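Hello! Here is the structure I promised to pass on to you. Have a look at it first, and then read my notes below with the picture open beside you.

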Amino acid sequence: MPRTQKKENWRFIMNNERCPSTSENALYVAWRKSVKKRDGEKCILCDSTNRIQVHHIEKWADKPHIRFDINNGVSLCYNCHLATFKREEEYEYIFKNYILKLKNKNLVSNYELYIKNKYGDSNGQKSTDSEV
């Protein structure tokens, strides 16, 4: 397929809202940046830092209400992203489990900070952090 034809198909797909439309582009860019930052700018499957892309866990077309939810995205390198193509359902469990682990880790961190602020550390010193 000629290169110009590919570009035209991409525009067609965008206009049918399989991919971000122009009005949502700023949200999409912010979502992608947030997911990449959360994942440390590396692939969650192989730890590569080359050609990082962001993949929707729940399909773009199927779940418009969570398109820009940071918990509906994972960072993948180009090769791992290609591996998920037409096998999204197989990977969905892995990706959702990854997000669940992140949420649990944050919950534990917030609880530990709460306890430290409320009762102090092992030396009886209360934290001056006010993040809780």
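**Two strands side by side**

Val54 stands opposite Ser75 in strand E2, and Gln53 stands opposite Leu76 in E2. These pairs are a good place to start looking. Please keep in mind that this is a predicted model.

How many bridges join E1 to E2? There are five, and the two strands run antiparallel. You can find E1 at residues 52-56 and E2 at residues 73-77.

Both strands are well covered. In E1, four of the five residues are buried. In E2, five of the five residues are buried, so this strand is largely enclosed by the rest of the structure. In a regular strand the side chains alternate between the two faces of the sheet. You can follow this along E2: Gly73, Ser75 and Cys77 point one way, while Val74 and Leu76 point the other way.

**The chain as a whole**

Stepping back, the protein chain has four helices and two strands. Their order along the sequence is α-α-β-β-α-α. The chain has 132 residues, and 26% of them are buried. It exposes about 9,800 Å², and carbon and sulfur atoms supply 50% of that area.

The contacts also tell you how the chain folds back on itself. Taking contacts between residues at least 6 apart in sequence, 57% join residues at least 24 apart.

**The loop before E1**

Next, please look at the loop between helix H2 (25-38) and strand E1, where you will find Asp39. Is Asp39 buried or exposed? Asp39 counts as buried because its relative accessibility is 5%. Its contacts, leaving aside neighbours within four places in sequence, are with Ile44, Val74, Ser75, Tyr98 and Leu102. Two of these names may look familiar, as Val74 and Ser75 also appear in E2.

Leu45 sits in that loop between H2 and E1 too. At 36% relative accessibility, Leu45 counts as partly exposed. Together with Tyr93 and Ile94, Leu45 makes a nonpolar surface patch of about 320 Å².

**Two cysteines**

A disulfide is a covalent bond between the sulfur atoms of two cysteines. How many disulfides does a search of the whole structure find? The search finds zero. Cys77 is in no disulfide, and its nearest cysteine sulfur, that of Cys80, is 3.6 Å away. Cys80 is likewise in no disulfide, with the sulfur of Cys77 as its nearest. The reason is the cut-off: a pair of cysteine sulfur atoms has to be within 2.5 Å to be called a disulfide. Both residues are under cover: Cys77 is buried at 5% relative accessibility, and Cys80 is buried at 16%.

**Salt bridges**

Side chains of opposite charge can pair when their charged atoms come close. The count for this structure comes to six salt bridges, and three of them are described here.

- Asp47 pairs with Lys42, and their closest N and O atoms are 3.9 Å apart. Lys42 is partly exposed, with a relative accessible area of 34%.
- Lys63 pairs with Glu58, and their closest N and O atoms are 3.8 Å apart. Lys63 is partly exposed at 29% relative accessibility, whereas Glu58 is buried, with a relative accessible area of 15%.
- Glu92 pairs with Lys96, and their closest N and O atoms are 2.9 Å apart. Glu92 is partly exposed, with a relative accessible area of 21%, and Lys96 is partly exposed at 38% relative accessibility.

Where do Glu92 and Lys96 lie with respect to each other? Because they are four residues apart in helix H4 (residues 88-119), about one helical turn separates them. There is also a wider link to look for: Glu58, Lys63, Glu92 and Lys96 are joined in a network of salt bridges.

If you would like a route through the picture, begin with E1 and E2, which run antiparallel. Then go to Asp39 in the loop between H2 and E1, and finish with the salt-bridge network that includes Glu58 and Lys96.

Enjoy exploring, and write back with any questions!

Key. Residues are numbered from 1 along each chain as its sequence is written. This is a predicted model: local features need pLDDT of at least 70, side-chain atom pairs count only at pLDDT 80 or more; totals for chains, interfaces and linings use all residues. Side-chain values use heavy atoms; hydrogens and water are left out. Buried means under 20% relative accessible area, exposed over 50%, partly exposed in between (1.4 Å probe, protein chains only). Contact means heavy atoms within 4.5 Å. A salt bridge is a side-chain nitrogen of Lys or Arg within 4 Å of a carboxyl oxygen of Asp or Glu. Two strands pair if DSSP finds at least two bridges between them. Patches are made of residues with over 30% relative accessible area and no salt bridge: like charges are joined within 9 Å, nonpolar side chains (Val, Leu, Ile, Met, Phe, Trp, Tyr) within 5 Å. Accessible areas come from the Shrake-Rupley method with a 1.4 Å probe; for residues, only the protein chains shown count as cover.
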